[in-house]
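Here are my notes on this one, in no strict order. Have the structure open while you read.

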Amino acid sequence: MSLFLAPIHQVMYDKIHYTDDLATALAEKDPATARALEENFPSIEKEPLEAVIDTGNIHGWLAERVVLAEKRLAFAACALAKKDRAGLMDAVKDFGRREAFSGSAEEAFFLYDSRFLNGMPCDRIHMPEEAEEGVAWRITRDVHGEYYDEAGLYDALIAAWWDGLLEESELNYFRDGNLCTVNQNHRLSRWFRLQTNSEQNSGFVSFLCIFSINQQKKGRRLLRPALFDPSLVPVFSCSCMQRSAPLSGP
């Protein structure tokens, strides 16, 4: 990073504060956790960056706050996960919902990237990948797991935040291994998986999956599941599929 203060340093400082704000919000769900957080980890400065940073060690000063913010979030999340995991995920989802996001997949990614810490810029944790639709990036290495007692908890927090962010959007966040995507392709797939949990609906959903795939191959855009009322669809039956009752709403 630069030897002189530059816009990227303010970006990092803003990410540190966002992570710390999330940690504080989670800890406040449980008074004991909130007290323990402040007892074990010092608070992060709130003053303007130029007023508090060590200009003789810009990179080192920011790196120390990155680690501190990560530790504060991990402490609060791990503590709350042991007491109320559902409440933890709801709180993180609400944090994403507060963004009141409306925009493209690229705009969603840039918003996420401006909020959450992923090492220092020189670490290059997110590398862009080609995507037929939307935006995709690959996570080059895990810089969060070392702070968490529970493997995968940080990834679950991020998924919950994305759910809140995209709740009113046609977009959906999806992670497969280290590859992350934001596009419109996976929302139907997720809805189908939910519907196939119902034995009553599995036959019709199998038909609808095949139909939708064929339509997508023909370049036809499908309606969002949220706008689709399956109760209006007639009952289908054929030799390769058991007769199913009308679907319940998504």
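**Notes on the predicted model**

1. Cysteines to begin with. This is a predicted model, and with a cut-off of 2.5 Å between cysteine sulfur atoms, the count of disulfides comes to zero. Two cysteines are worth a look anyway: Cys78 is buried, at 8% relative accessible area, and Cys180 is buried too, with a value of 1%. Both count as buried because the cut-off is under 20% relative accessible area.

2. Next, helix 5, which spans residues 105-115. Which of its residues are buried? They are Ala105, Ala108, Phe109, Leu111 and Tyr112. Looking down the axis of helix 5, you'll find these buried residues within an arc of 160°, so they line one face of the helix. As for what covers them, the list includes strand 1 (126-129) and strand 2 (135-139), along with helix 6 (153-165) and strand 4 (179-183). Cys180, from the point above, has a number that falls inside the range of strand 4.

3. Helix 5 also packs against helix 1, at an angle of about 85° and with the axes 7 Å apart. Angles of 65 to 115 degrees count as roughly perpendicular, so that is the word for this pair. On the helix 1 side the contact has Lys15, Tyr18 and Thr19, and these meet Asp113, Ser114 and Arg115 of helix 5. Sorted by class, that contact holds three charged residues, two polar and one nonpolar.

4. Helix 1 (residues 7-27) has another packing partner to check, helix 2 (residues 31-40). Here the angle is about 140° and the axes lie 8 Å apart. Roughly antiparallel would need an angle over 145 degrees, so helix 1 and helix 2 go down as oblique. Ala23, Thr24 and Ala27 supply the helix 1 side of the contact, while Pro31, Thr33, Ala34 and Leu37 supply the helix 2 side. The class split for this contact is five nonpolar, two polar and no charged residues.

5. Last, have a look at Phe41, in the loop between helix 2 and helix 3 (49-52). Is Phe41 buried or exposed? Its relative accessible area is 18%, so with the cut-off at under 20% Phe41 counts as buried. Setting aside neighbours within four places in sequence, Phe41 is in contact with Leu68, Lys71, Arg72 and Phe75. Take Lys71 from that set: Phe41 and Lys71 are 30 residues apart in sequence, yet their C-alpha atoms are 7.9 Å apart in space.

Conventions:
Residues numbered from 1 in each chain as written. Predicted model: local features only at pLDDT ≥ 70, side-chain atom pairs only at ≥ 80, totals over all residues. Heavy atoms only, no water. Buried < 20%, exposed > 50% of the residue type's maximum accessible area, 1.4 Å probe, protein only. Helix = DSSP H or I, 4+ residues; strand = E, 2+ residues; numbered from the N terminus. Arc of directions from axis to C-beta. Contact = heavy atoms within 4.5 Å. Axes fitted to C-alpha atoms, helices over the stretch in contact; angles between N-to-C directions. Parallel < 35°, antiparallel > 145°, perpendicular 65-115°, else oblique. Nonpolar A, V, L, I, M, F, W, Y, C, P; charged D, E, K, R; others polar.
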